[in-house]
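I opened my notebook today to go through a protein structure, one feature at a time. Here is what I looked up, in the order I went.

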Amino acid sequence: MKARTRAATLLLTPFFVLFTAVMVVPIGYAVWLSLFTEKQSGLGFGGTETVFTGLDNYTAALGDRAFLEGFGVLLGYCLLYIPLLLAGALGLALLLDSALARARRFFQLALFLPHAVPGIIAALIWVYLYTPQLSPVVQAMEAGGVGFDFFSPEGTLPSVVNIALWEWLGYNMVIFYAALQAIDRSVLEAATVDGASAWRIAFAIKVPLIKASLAMVGLFTIIGSLQLFTEPLILNKGTGSAVTSTWTPNMYAYTAAFDRNDYGLAAAASVLLALTAALLSFAVTRLTGRRRTGTANEPVTAGEPGTAGRPGTTARKERTA
């Protein structure tokens, strides 16, 4: 037992050291920094001094309309982006996993390649494709009688969502496809023998069996959505778009720190955003955990409607890690 304890300690120590260095210490420093502010004396000629202000920076951030509107933008972004991402990635994974799919490796690589492009480069590419004077896409749309301003107040959010989908759709599709490949093929063969259609197999058997992967991708997508920064920042630089310097909470903190030199306010905004992400992560984890626990032993009908009473038409849901 002591040997196992020493081995576990030896193997886990590098992780905890790295975790402390890159996570615990920066978060602790951000919390500490958020409790102070720099004030100038002598009408700006007496230099600056760091003053302890307690929760004043948090009050200032929560009382700033621009900061709160940033959360409204995030809400709209999540409502539009997350369903499209999950549905699109799952649909592509189901298509690749189907018996009708051909050239699976090619399409996996083709769909995953956009994720290999750095976010800044992807945003710059799409800015070019959104610009009317340069973009062949916009020119083709206008030739077809379709007019859409990607930089307008109404078009900015869909434009950002489109860039994010292009970056992350293939990545999450690979996760879902790997989960589908791990399903016991005998379960699918039994459903086929029972007369289940391809649609029935996909949505009554395959999807329930990869609920753990769906929950994991959903959780990571929510956390990633709250960190929205790169795409709107690029759209904000010289494009004339409706994206402002405080369009998202991350951009608000960036502007406060590097444009206004108010590091205490920036730290407070960052801590508030981190708390929001932590609370949402906890809520999603508890919700998905309850659903998996409550439905772990429910039967899944494999056959067509009306065949539930036949022998061999049900299979138990298996919990996947």
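My entries below go through salt bridges, aromatic pairs, a surface patch and two single residues.

**Entry 1: what I am looking at**

I remind myself that this is a predicted model. I keep that in mind for every entry.

**Entry 2: salt bridges**

I asked how many salt bridges a search of the whole structure finds. The search gives 3 salt bridges.

I began with Glu69 and Arg65, whose side chains meet at 2.8 Å, N to O. I found both of them in helix 3, which covers residues 65–97. They sit 4 residues apart, about one turn of the helix. I then checked how open they are to the surroundings. Arg65 is exposed, because its relative accessible area of 64% is over the 50% cut-off. Glu69 has a relative accessible area of 43%, so I noted it as partly exposed.

Next I turned to Asp97. Which residues are linked with Asp97 in a network of salt bridges? I wrote down Arg185 and Lys206.

I took the bridge to Arg185 next: the side chains of Arg185 and Asp97 meet at 3.8 Å, N to O. This pair links distant parts of the chain, since Arg185 is in helix 8 (residues 185–193) and Asp97 is in helix 3, 88 residues apart.

I then looked at the bridge to Lys206, where the closest N and O atoms of Asp97 and Lys206 are 2.8 Å apart. Lys206 belongs to helix 9 (residues 198–209) and Asp97 to helix 3, so this bridge ties together parts that are 109 residues apart in sequence.

Are the members of this network buried or exposed? Asp97 is buried, with a relative accessible area of 6%. Lys206 is buried too, at 8%. Arg185 has 32% relative accessibility, so I put it down as partly exposed.

**Entry 3: aromatic pairs**

I searched the whole structure for aromatic pairs and got 18. I looked closely at two of them.

In one, the ring centres of Phe36 and Phe52 are 5.4 Å apart and the planes are at 75°, so I call the pair edge-to-face. Phe36 is in strand 1 (residues 36–40) and Phe52 is in strand 2 (residues 48–52), so the pair links distant parts of the chain, 16 residues apart. Is Phe36 buried or exposed? It counts as buried, because its relative accessibility of 18% is under the 20% cut-off. Phe52 counts as exposed, at 53% relative accessibility.

The other pair I looked at is Tyr130 with Phe151, also edge-to-face, with 6.3 Å centre to centre and 85° between the planes. Tyr130 lies in helix 5 (residues 119–130). Phe151 lies in the loop between helix 6 (136–143) and helix 7 (156–181), 21 residues away from Tyr130. I checked accessibility here as well: Tyr130 is buried at 2%, and Phe151 is buried at 8%.

Which aromatic cluster do these two belong to? I found them with Trp126, Phe148, Phe150 and Trp166 in one aromatic cluster.

**Entry 4: a nonpolar patch on the surface**

I went over the surface and noted a nonpolar patch with about 920 Å² of accessible area together. Its members include Leu12, Phe15, Phe16, Phe19, Met23 and Val31. I picked Met23 for a closer look and found it in helix 1 (residues 2–33). Met23 has a relative accessible area of 40%, so it is partly exposed.

**Entry 5: a buried charge**

I looked up Glu231, which is in helix 11 (residues 230–236). Glu231 is buried yet has no salt bridge. How far away is the nearest side chain of opposite charge? That side chain is Lys237, 14 Å from Glu231. Leaving out residues up to four places away in sequence, I listed what Glu231 touches: Ala123, Val160, Ile163 and Glu167.

**Entry 6: a backbone angle**

Last, I checked Asn261, in the loop between helix 12 (249–258) and helix 13 (263–294). Phi of Asn261 is near 55°, a positive value in a residue other than glycine. I noted the background too: most residues other than glycine have a negative phi. Asn261 is partly exposed, with a relative accessible area of 49%.

Notes
Residues numbered from 1 in each chain as written. Predicted model: local features only at pLDDT ≥ 70, side-chain atom pairs only at ≥ 80, totals over all residues. Heavy atoms only, no water. Patch = residues over 30% accessible without salt bridge, like charges linked within 9 Å, V, L, I, M, F, W, Y side chains within 5 Å. Areas by Shrake-Rupley, 256 points an atom, 1.4 Å probe, with all protein chains shown as cover. Salt bridge = Lys/Arg side-chain N within 4 Å of Asp/Glu carboxyl O. Helix = DSSP H or I, 4+ residues; strand = E, 2+ residues; numbered from the N terminus. Buried < 20%, exposed > 50% of the residue type's maximum accessible area, 1.4 Å probe, protein only. Lys, Arg positive; Asp, Glu negative; His and termini not counted. Contact = heavy atoms within 4.5 Å. Phe/Tyr/Trp six-rings, centres within 6.5 Å; stacked < 30°, edge-to-face > 60°.
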